[in-house]
Amino acid sequence: MGEPAKEINLYTQLSKHAKTRSGAPTDVPVDPTTRKFTEGFINRSLASNLSDTAIRTAYKDRVEGRMVLLTNPYKEKLSKPGRIGESKVVKKTGRKRITAKEKRELKIYDIPEEARRYELFMPLNKLWCKYIESLLGNTNGDLYTADTKHQQALLGKLIKADLHGAKMSVVRARCPNFIGISGIMAQETKNAFKFITEDDRLVVVPKAHCVFAVNLPSDAQCLIYGNQFMFRASERASRKFKPKPNVDL
């Protein structure tokens, strides 16, 4: 039998050394290389219009011998209590988000003129073919020959797939000018597809009142009714689609 365990009193008084210490410990040993790097980093980060004396003074007053938080802390505040009386912590970074109007003015999502070349998007199409083959399990050729249940499983995967890089064409449209347009799908929005055609043009085709054909690697095609496909690509990945009857354009 071993010795009985000693009882530990959790409410013992703090030592004299702990009582006299205030704030974070500053006597932690620091490697000389780290100290030299920190001082140099602070000096390089300060404004270039300051003199060497001002930089050294700022380093000694604000950095030397102190614990510095390298990341910006979140501003926390308690929201109003909920129904069960609990308070939620709301975190704010104090950072202004760019608005949709500012994005349009900056042309963040616009494809530059020099990048609207069909050959530049051919590698993207090859990557998409490998992606869709791995997604469908090399069974995309069975869309015509498989039974109804298997077809629904394959189409359920395809309808949630990312179509950026797929070769698509417009087979039916209410506006006859859109019929026959084909190319590599370069960008998808909620209401339109943007194609890069073989003659190096960027063509925007609305989803509404159009039927698109997606060319699969096995030379099979899948029809997409734009009226039932008006979602963002990120929304389609998590959305549950229900079978609907075909509607007229």
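Rings of Phe, Tyr and Trp count as a pair if their centres lie within 6.5 Å, and planes under 30 degrees apart make the pair stacked. Keep that in mind as you work through this predicted model.

**Exercise 1.** Find which residues form the aromatic cluster, and classify the pair of Phe 193 and Phe 195.

*Solution.* Start with the count: the structure holds four aromatic pairs. In one of them, Phe 193 and Phe 195 lie 6.2 Å apart, centre to centre, with 20° between the planes. The distance meets the 6.5 Å limit and the angle is under 30 degrees, so this pair is stacked. Next, look at the surroundings: Phe 193 and Phe 195 are both buried. Finally, the cluster: Phe 212 and Phe 229 join Phe 193 and Phe 195 in it.

**Exercise 2.** Work out the strand order of the open sheet, and explain why strands 6 and 8 each have one side without a neighbour.

*Solution.* Reading across, the six strands follow the order 6-5-4-3-7-8, with antiparallel pairing. Strand 6 (202-206) and strand 8 (221-225) are at the edges; each has a single partner strand, so one side of each lacks a neighbour in the sheet. From one strand to the next, the twist averages 40°. Now zoom in on strand 3 (residues 167-173) and strand 7 (residues 210-215): six bridges join this antiparallel pair. As a check, locate Met 168, whose bridge partner in strand 7 is Val 214.

**Exercise 3.** Identify the residues that make the nonpolar surface patch, and place Tyr 109.

*Solution.* Ile 98, Leu 106, Ile 108 and Tyr 109 make this patch of about 410 Å². Tyr 109 sits in the loop between helix 4 (100-106) and helix 5 (122-136).

Terms used: Residues numbered from 1 in each chain as written. Predicted model: local features only at pLDDT ≥ 70, side-chain atom pairs only at ≥ 80, totals over all residues. Heavy atoms only, no water. Pairing = 2+ DSSP bridges. Helix = DSSP H or I, 4+ residues; strand = E, 2+ residues; numbered from the N terminus. Axes fitted to C-alpha atoms, helices over the stretch in contact; angles between N-to-C directions. Patch = residues over 30% accessible without salt bridge, like charges linked within 9 Å, V, L, I, M, F, W, Y side chains within 5 Å. Areas by Shrake-Rupley, 256 points an atom, 1.4 Å probe, with all protein chains shown as cover. Salt bridge = Lys/Arg side-chain N within 4 Å of Asp/Glu carboxyl O. Phe/Tyr/Trp six-rings, centres within 6.5 Å; stacked < 30°, edge-to-face > 60°. Buried < 20%, exposed > 50% of the residue type's maximum accessible area, 1.4 Å probe, protein only.
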